[in-house]
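Here are my notes for your review. Please read them with the structure open beside you.

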Amino acid sequence: MQREMYSFVCPNCGSALLNLLDYESLMVLRADLGLFTMACPSCAAKTSMLRPIPPLLRDDVGTAAAEIHAGMGRKLDA
Ligand SMILES: [Zn+2]
């Protein structure tokens, strides 16, 4: 199960598992690097972390970035 690669323990309460794929917001810094923000289902704290964007999210990210004309480190339309 690929999801498990992106799980980590909440740094605030130390009990709940958060998953990058359940991000609340994602700020794309580069085509393959983003600042993920997740809300903990247990303590409700928000955690932000800089992580490589999982390959399975890259299509979504590319589409979203193109829609808002975000810089992705390369030209999207010629
Ligand atoms: Zn927590």
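The points below go from overall confidence to single residues.

1. **Confidence.** This is a predicted model. The mean pLDDT of the protein is 85. A value of 70 or more is reached by 86% of the residues. Broken down by element, β5 has the highest confidence, with a mean of 95. Helix α1 has the lowest, with a mean of 78. Please keep that in mind when reading the point on the helix.

2. **Overall make-up.** The protein has 5 strands and 1 helix. Their order from the N terminus is β-β-β-β-β-α. The chain has 78 residues, and 10% of them are buried. Take the contacts with a separation of 6 or more: 40% of these join residues 24 or more positions apart.

3. **The sheet.** An open sheet is formed by 3 strands, ordered β3-β4-β5, with antiparallel pairing. Its edge strands are β3 (25-30) and β5, each of which pairs on one side only. On average, neighbouring strands of this sheet are turned by 20 degrees against each other, direction ignored.

4. **Strand pairs.** Which residue of β4 is the bridge partner of Val 28? The partner is Gly 34. The β3 and β4 pairing is antiparallel and runs over 5 bridges. On the other side, β4 (residues 33-39) pairs with β5 (residues 46-52) over 7 bridges, again in the antiparallel sense. Here Ala 39 stands opposite Lys 46 of β5.

5. **The hairpin turn.** Strands β4 and β5 make a hairpin, with 6 residues between them. Check Ala 44 in this turn: its phi is positive, at about 70 degrees. Ser 42 lies in the loop between β4 and β5. Is Ser 42 exposed, partly exposed or buried? It counts as partly exposed, because it has 14 C-beta neighbours inside 10 Å, and that count falls between the limits of 12 for exposed and 20 for buried.

6. **Loop contacts.** Ser 42 also reaches residues far off in sequence. Neighbours within four places aside, Ser 42 is in contact with Cys 10, Cys 13, Ser 15 and Ala 16. Cys 10 is 32 residues away from Ser 42 along the chain, yet their C-alpha atoms are separated by 8.8 Å.

7. **The core.** The largest nonpolar core has 5 residues: Leu 18, Leu 20, Tyr 23, Phe 36 and Met 38. In soluble globular proteins, nonpolar side chains tend to be buried together. Leu 18 is in contact with another member of this core, Met 38. Its other contacts beyond four places in sequence are Ser 7, Phe 8, Cys 10, Cys 40 and Thr 47. Cys 10 therefore appears in two contact lists, that of Leu 18 and that of Ser 42, and both rest on C-beta atoms within 7 Å.

8. **The helix.** Does the length of α1 agree with its residue count, and what span should its 13 residues have? At 1.5 Å a residue, the expected span is 18 Å. The end C-alpha atoms are 19 Å apart, which agrees. Helix α1 is hardly covered: 0 of its 13 residues are buried.

9. **Start of the helix.** Pro 55 belongs to α1 (residues 55-67). Pro 55 counts as exposed because it has 9 C-beta neighbours inside 10 Å, and the limit for exposed is 12 or fewer. Asp 32 is 23 residues from Pro 55 along the chain, and the two C-alpha atoms are separated by 8.1 Å.

Technical notes. Residues are numbered from 1 along each chain as its sequence is written. This is a predicted model: local features need pLDDT of at least 70, side-chain atom pairs count only at pLDDT 80 or more; totals for chains, interfaces and linings use all residues. Helices (H or I, at least four residues) and strands (E, at least two) are DSSP runs, numbered from the N terminus. Two strands pair if DSSP finds at least two bridges between them. pLDDT is the predictor's confidence in each residue, from 0 to 100. Axes are lines fitted to C-alpha atoms, for helices over the stretch in contact, and angles run from 0 to 180 degrees between N-to-C directions. A nonpolar core is a set of buried Ala, Val, Leu, Ile, Met, Phe, Trp, Tyr and Cys residues joined through C-beta atoms within 7 Å. The expected span of a helix is 1.5 Å times one less than its number of residues.
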